[in-house]
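Trainee: Could you take me through this model and show how each feature should be read?

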Amino acid sequence: MAGQDAPLVEGELARVVAELEATRAELASCNEALKSCRRIGIAMGILMERYKLTDQRAFELLRRTSQRRNVKLRDIAYQFTLTGSLER
């Protein structure tokens, strides 16, 4: 009887391992998104303080810069927090 159950157990184990890997990938993606969100928030805060902008105007400035330079917004925000400049 136990030998007959082995394929079922192996199949279930394979399914659980695949589900675990998918969950790990999703978690990594969520961590990246959270990191990007934080960087954008920090850049917005600097812009708001430096230029007395609202949060909406600060985000719009980052968004427009991203579109104009054809660079992801998260990368624009990260570069800005490092250099203090929205220019290249």
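Mentor: Let us begin at one helix end: helix H3 is followed by Gly84, whose phi is positive, near 80°. Keep in mind throughout that this is a predicted model.

Trainee: Which residues of H3 are buried, and which exposed residues does the face turned away from them carry?

Mentor: The buried residues in H3 are Leu73, Ile76, Ala77 and Phe80. Seen down the axis of H3, these buried residues fall within an arc of 100°, so they line one face of the helix. The face of H3 turned away from that buried side carries the exposed residues Leu82 and Thr83.

Trainee: How should I read a positive phi when the residue is something other than glycine?

Mentor: The general idea is that most residues other than glycine have a negative phi. In this structure, Asn70 has a positive phi, near 55°, although it is a residue other than glycine. Asn70 is placed in the loop between H2 and helix H3 (73-83), and with a relative accessibility of 71% it counts as exposed. Lys52 is another residue other than glycine with a positive phi, again near 55°. Lys52 lies in the loop between H1 and H2 and is exposed, its relative accessible area being 63%.

Trainee: What does H2 look like in length, and on which side do its buried residues lie?

Mentor: H2 has 15 residues and reaches 21 Å from its first C-alpha to its last, which is close to the 21 Å expected at 1.5 Å a residue. In H2, the buried residues are Ala58, Leu62, Thr65, Ser66 and Arg69. They cover an arc of only 100° around the axis, which puts them on the same side of H2. The exposed residues Gln56, Arg57, Gln67 and Arg68 are carried by the face of H2 turned away from its buried side.

Trainee: Let us turn to charged pairs. How many salt bridges are there, and how should I read one?

Mentor: The general idea is that side chains of opposite charge can pair when their charged atoms come close. The cut-off to apply is a side-chain nitrogen of Lys or Arg within 4 Å of a carboxyl oxygen of Asp or Glu, and by this rule the count comes to eight salt bridges. Among them is the pair Arg63 and Glu60, whose closest N and O atoms are 2.3 Å apart. Arg63 and Glu60 are three residues apart in helix H2 (residues 55-69), and are therefore separated by about one helical turn. Arg63 counts as partly exposed at 29% relative accessibility, and Glu60 also counts as partly exposed, at 26%. Elsewhere, salt bridges that share partners join Glu12, Arg15 and Glu19 into one network.

Trainee: Where in the chain is the salt bridge of Lys35 and Glu32, and how far apart are these residues in the helix?

Mentor: Lys35 and Glu32 belong to helix H1 (residues 2-51), and because they are three residues apart there, about one helical turn separates them. Their side chains meet in a salt bridge with an N to O distance of 3.2 Å. Lys35 is partly exposed, with a relative accessible area of 37%, and Glu32 counts as partly exposed at 44% relative accessibility.

Trainee: Which residue forms a salt bridge with Lys52, and is that partner buried or exposed?

Mentor: Lys52 forms a salt bridge with Glu49, the closest N and O atoms lying 3.3 Å apart. Glu49 counts as exposed at 54% relative accessibility, and Lys52 counts as exposed at 63%.

Trainee: What is the overall make-up of the protein, and how does its radius of gyration compare with that of a compact globule?

Mentor: The secondary structure comes to three helices and zero strands, and from the N terminus on, the elements run α-α-α. The protein has a radius of gyration of 22 Å, whereas a compact globule of 88 residues would have one near 12 Å. Along the principal axes, the C-alpha atoms fill a box of roughly 75 × 20 × 20 Å.

Trainee: What share of the residues is buried, and what do the surface and the contacts add?

Mentor: Of the 88 residues, 17% count as buried. The accessible surface comes to about 6,800 Å², of which 57% belongs to carbon and sulfur atoms. Among the contacts with a separation of 6 or more, 36% are accounted for by residues 24 or more positions apart.

Definitions and conventions: Residues are numbered from 1 along each chain as its sequence is written. This is a predicted model: local features need pLDDT of at least 70, side-chain atom pairs count only at pLDDT 80 or more; totals for chains, interfaces and linings use all residues. Side-chain values use heavy atoms; hydrogens and water are left out. Helices (H or I, at least four residues) and strands (E, at least two) are DSSP runs, numbered from the N terminus. Buried means under 20% relative accessible area, exposed over 50%, partly exposed in between (1.4 Å probe, protein chains only). The expected span of a helix is 1.5 Å times one less than its number of residues. The arc is that of the directions from the helix axis to the C-beta atoms. The radius of gyration is taken over C-alpha atoms; the globule rule is 2.2 Å times the number of residues to the power 0.38. Contact means heavy atoms within 4.5 Å. Accessible areas come from the Shrake-Rupley method with a 1.4 Å probe; for residues, only the protein chains shown count as cover.
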